[in-house]
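Open the model in your viewer and keep the selection panel at hand. This tour goes stop by stop.

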Amino acid sequence: MNACDLDRHDADAPMFDRAAFRLDDAEAELVAAAQLFGRQRLAPRAAQHDRDATFPMENFRDMHAEGLLAICVPKDEGGAGASFRAYCLAASELGRYCGATALSWNMHVCSTLWTGALADDLIMTTDERREHNERRRLHYKRIVGDGAIYAQPFSEGGAAAAGTVAFGTEARAVAGGFLLNGKKIFASLSGAADYYGVLCTERGEGEKASRRNTLYLAVPAAAGGVSVVGDWDPLGMRGTVSRTLLFNDVFVPEDEMLMPRGVYFRAASCWPHMFLTLSPTYMGLAQAAYDFTVAYLRGELAGTPPVKRRMYPTKQIAVAEMRVMLEQTKALWFQAISEARANPTKEQLLRAYAAQFTVMENANALAARAIRTCGGQAMLKNLALERIYRDSRCGSLMLPWTAEICLDRLGRESLYEPGERDD
Ligand SMILES: Cc1cc2nc3c(=O)[nH]c(=O)nc-3n(C[C@H](O)[C@H](O)[C@H](O)COP(=O)(O)OP(=O)(O)OC[C@H]3O[C@@H](n4cnc5c(N)ncnc54)[C@H](O)[C@@H]3O)c2cc1C
């Protein structure tokens, strides 16, 4: 990004204003810090990582220094102790400036949010709680002290990441830990992360695979038998470098369990909003598409001649419609992230699906509208809009809550109560 780009970003208002959205002090501080970080550090580097499809390691090093790698590590473990909502708000500000970094950061942060604030909400036995608290301390120490980066490779190319069948990647208990075998596709941060937070199925000899036996293991990237394969040349989110991971008889020590046996299944069932954590990045991209359009039509966008286009009624109507869509998206999403909690009501869960669908679809719709409204010069590759357009296209594909799956569940669960049938 050049100096003029920075000028434009200096004028950005917060997406979720402290007073208007009644944020508490901790949220407002995190959001302000994230916005400044996104504007000053992420935005200038975004174009090159997108062009070269390279992982923005320097962003993660800076995030460590700023305390952002530990945003959801509990305060008594040295982190910022951000709540689910505070994290989502901060992440949306990062997504506004670099989608790929925000999405990769989400994969890292979930390793701490899910094992932290979310796990604190789950029912565990005293032994499970003690074991969990001891083990997560190990991960938090690495992150806070050494800036360790965690990835979140769940997808396998089948229905497992959608939550309908057991993961095909399997762990077999051996002395002192597990032997892991399997394959994960689309592993963001592949080759860059220090640990891969792998979901897999624990299976004993002759046992059937069951989702209840899902294990959540932190696999050291340097462990023998871990390899990163395949190319990475996608349409969007190119800086996530989401290549394929292979695990071939990888020994994973027991202490690397991110959750005790059975607890991931409990988390996925009781805290379903955990899967809404991919949406903040795209909320930020939706805002970015709108911001771009306003700056461009006002003739204030860096890298473009200072030509105003705002006086044409067609442009004004387009911006008005974009604003309506953006406000609708923000309002629904803010409601969903505000009411996220353990054991949500049916209404809250349906709203979460609706929010995820809306953010993922509207981010790309706003970017498409921005291109049509701003015109041909606005989609040149020296400007951010065409990257926003490509990055935002990826949102509705993200499992487990893809746009299709959200619609599928919304329709079915609106019409059927649990256990109801038509025969
Ligand atoms: C930029 C990027 C980064 C990513 N990073 C990660 C990552 O870090 N970790 C990770 O685990 N994954 C990641 N993913 C993967 C992503 O979440 C999806 O798993 C992946 O895009 C699915 O690709 P697929 O072709 O295998 O889809 P498929 O599994 O073939 O699904 C295609 C579509 O079919 C539908 N579908 C699939 N299963 C069901 C079902 N059971 N019921 C109803 N509908 C269904 C869905 O709508 C889905 O979009 C990333 C994806 C992208 C694009």
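**Stop 1: the ligand and its pocket**

Select the ligand: it sits in the largest pocket. Keep in mind that this is a predicted model.

Now show the residues around the ligand. There are 21 of them, and Phe 154, Ser 155, Phe 186, Thr 402 and Glu 404 come nearest. Colour this shell by class. You should find 11 nonpolar residues, nine polar and one charged. Strand S3 (177-187) and helix H12 (403-415) each supply at least two residues of the shell.

**Stop 2: polar contacts to the ligand**

Zoom in on Phe 154. One of its backbone N or O atoms lies 2.7 Å from an oxygen atom of the ligand. Move to Ser 155. Here the side chain takes part: an N or O atom in it is 2.7 Å from a ligand oxygen atom. Then select Phe 186. A polar backbone atom of Phe 186 is 3.1 Å from a nitrogen atom of the ligand. How much of the ligand does the protein bury? Taken alone, the ligand exposes 960 Å², and the protein buries 75% of that.

**Stop 3: the pocket as a whole**

Hide the ligand and show the pocket lining. The largest pocket has a volume of about 1,000 Å³. Its lining counts 49 residues. Centre the view on Ala 161, Met 398, Leu 399, Pro 400 and Trp 401, which lie nearest the pocket centre. Next, colour the elements that give two or more residues to this lining: H5, S3, helix H7 (263-270), helix H10 (346-374) and H12. By class, the lining divides into 34 nonpolar, 12 polar and three charged residues.

**Stop 4: a cis bond at the pocket**

Stay with Leu 399 and Pro 400. A cis peptide bond joins the two, with omega about 5°. Most peptide bonds are trans. Where is Pro 400 found? Look in the loop between H11 and H12. Recall that Leu 399 and Pro 400 are among the residues nearest the centre of the largest pocket.

**Stop 5: the cavity**

Switch to cavities. How many cavities of 30 Å³ or more are there? The count comes to one. Its volume is about 50 Å³.

Select the lining in three steps:

- Start with Ala 46, His 49, Asp 50 and Pro 56, which are among the lining residues.
- Add Cys 98, Ala 100 and Thr 101, also part of the lining.
- Finish with Met 237, Arg 238, Gly 239, Arg 387 and Asp 391, which complete the lining.

Which helix gives the most to this lining? H2 does, with three residues. Helix H2 (25-52), helix H5 (99-120) and helix H11 (385-393) each supply at least two. H5 also gives two or more residues to the lining of the largest pocket. Colour the cavity lining by class: five residues are nonpolar, three polar and four charged.

**Stop 6: an unusual backbone angle**

Last, select Arg 22. Look in the loop between helix H1 (3-10) and H2. Arg 22 has a positive phi of about 50°, although it is not a glycine. Most residues other than glycine have a negative phi.

Notes:
Residues are numbered from 1 along each chain as its sequence is written. This is a predicted model: local features need pLDDT of at least 70, side-chain atom pairs count only at pLDDT 80 or more; totals for chains, interfaces and linings use all residues. Side-chain values use heavy atoms; hydrogens and water are left out. On a 1 Å grid over the protein atoms alone, a cavity is a set of points where a 1.4 Å probe fits but cannot get out, and a pocket is an open set with protein on both sides within 12 Å along at least five of seven lines; lining residues have an atom within 4 Å of a point. Grid points are joined across faces, edges and corners, and a volume is the space filled by probe spheres set on the points. Helices (H or I, at least four residues) and strands (E, at least two) are DSSP runs, numbered from the N terminus. Ala, Val, Leu, Ile, Met, Phe, Trp, Tyr, Cys and Pro count as nonpolar, Asp, Glu, Lys and Arg as charged, and the others, Gly among them, as polar. A residue is near a molecule or strand if one of its heavy atoms lies within 4 Å of it. A polar contact is a pair of N or O atoms within 3.5 Å; within protein, one must be able to donate a hydrogen and the other to accept it, and residues adjacent in sequence count only if both atoms are side-chain atoms. Accessible areas come from the Shrake-Rupley method with a 1.4 Å probe; for residues, only the protein chains shown count as cover. A molecule sits in a cavity or pocket if more than half of its atoms lie within 2 Å of its grid points.
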